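Here is a short guided tour of one protein model, written to be read alongside the sequence and the 3D view. Please keep both open as you go.

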Amino acid sequence: MNKSRIELLDVVALTVDLPEYNLYRGQVGTVVELLAGGAAFEVEFSDRNGRTYESVGLRPEQIMVLHFEPASPDSVRPMVIA
């Protein structure tokens with residue numbers, strides 16, 4: 001999968017620090033709204049219990065889409081114990 005467009009409900013990670021929001025590079029959030037015709041995105045950051053602790057509008061260069069794909073059984077290498 002090679003997707004360059006950011007879409008609603010994509011899981012994204014910050015590529016920059018945003019100390020004014022207590023958010024830092026690598027934190028993971030979810031795109032919950034497309035803003036300005038897709039030129040910006042409302043990203044929601046939640047804790048382990050699903051409670052939102054921050055929601056902020058971000059530009060595409062401030063986030064990267066994370067891709068989750070299951071591993072095929074054929075692609076898993078067997079563990080070798082020496």
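The report below moves from confidence to the sheet, then to single residues and charged pairs.

**Confidence**

What you are looking at is a predicted model. The protein chain has an average pLDDT of 88, and 79% of its residues reach at least 70. In strand β3, residues 40-46, confidence is highest, at 98, while strand β5, residues 63-65, has the lowest, at a mean of 96. A word of caution for the rest of the chain: where pLDDT is low, the predicted coordinates should not be read in detail.

**The sheet**

Five strands make up an open sheet, in the order β4-β3-β2-β1-β5 and with antiparallel pairing. At the edges sit β4, residues 52-58, and β5, each of which pairs on one side only. On average, neighbouring strands of this sheet are turned by 40° against each other, direction ignored.

Let us look at one pair in detail. Six bridges join β3 and β4 in the antiparallel sense. If you want to check the register, Phe-45 stands opposite Glu-54 in β4, and Phe-41 stands opposite Leu-58 in β4. The two strands β3 and β4 form a hairpin, with five residues between them. In that turn, Gly-50 has a positive phi of about 85°.

**Positive phi outside glycine**

Most residues other than glycine have a negative phi. Two residues are worth a look in this light. Leu-9, in the segment before β1 (residues 11-14), has a positive phi near 75° although it is a residue other than glycine. Ala-36 belongs to the loop between β2 (residues 28-35) and β3, and its phi is also positive, near 50°.

Are these two residues buried or exposed? Leu-9 has a relative accessibility of 62%, so it counts as exposed. Ala-36 counts as exposed too, because its relative accessibility is 66%.

**Around β5**

Two residues beside β5 repay a closer view. Gln-62 is part of the loop between β4 and β5. With a relative accessible area of 10%, Gln-62 is buried, because that value falls under 20%. Which residues does Gln-62 contact, leaving aside its neighbours within four places in sequence? They are Ala-13, Leu-14, Thr-15, Val-16 and Leu-18. The side chain of Gln-62 also places a polar atom 2.8 Å from the backbone nitrogen of Arg-59.

Leu-66 lies in the segment after β5. At a relative accessibility of 26%, Leu-66 counts as partly exposed. Not counting residues up to four places away in sequence, Leu-66 touches Val-11, Val-12, Ala-13 and Val-28. With Val-28 the separation along the chain is 38 residues, yet the C-alpha atoms of Leu-66 and Val-28 are 8.8 Å apart. Ala-13 appears in the contacts of Gln-62 and in those of Leu-66.

**Charged pairs**

Side chains of opposite charge can pair when their charged atoms come close. How many salt bridges are counted here? The count comes to three, and the table sets them out with the separation of the closest N and O atoms.

| Salt bridge | Closest N and O atoms |
|---|---|
| Arg-5 and Glu-7 | 3.6 Å |
| Arg-51 and Asp-47 | 3.3 Å |
| Arg-59 and Glu-61 | 2.7 Å |

Accessibility adds some detail to each pair. Arg-5 counts as exposed at 58% relative accessibility, whereas its partner Glu-7 is partly exposed, with a relative accessible area of 32%. For the next pair, Arg-51 is exposed at 52%, and Asp-47 is partly exposed at 28%.

In the last pair, Arg-59 counts as partly exposed at 44% relative accessibility, and Glu-61 counts as exposed at 51%. Why does Glu-61 count as exposed? Its 51% lies over the 50% cut-off, so Glu-61 is placed among exposed residues.

Arg-59 ties this section to the previous one. Its salt bridge is with Glu-61, while its backbone nitrogen lies 2.8 Å from a polar atom of the Gln-62 side chain. In your viewer, Arg-59 is a handy starting point for following both interactions, with Glu-61 and with Gln-62.

Terms used:
Residues numbered from 1 in each chain as written. Predicted model: local features only at pLDDT ≥ 70, side-chain atom pairs only at ≥ 80, totals over all residues. Heavy atoms only, no water. pLDDT = per-residue confidence, 0-100. Helix = DSSP H or I, 4+ residues; strand = E, 2+ residues; numbered from the N terminus. Pairing = 2+ DSSP bridges. Axes fitted to C-alpha atoms, helices over the stretch in contact; angles between N-to-C directions. Buried < 20%, exposed > 50% of the residue type's maximum accessible area, 1.4 Å probe, protein only. Polar contact = N/O pair within 3.5 Å; in protein donor to acceptor, adjacent residues only side chain to side chain. Contact = heavy atoms within 4.5 Å. Salt bridge = Lys/Arg side-chain N within 4 Å of Asp/Glu carboxyl O.
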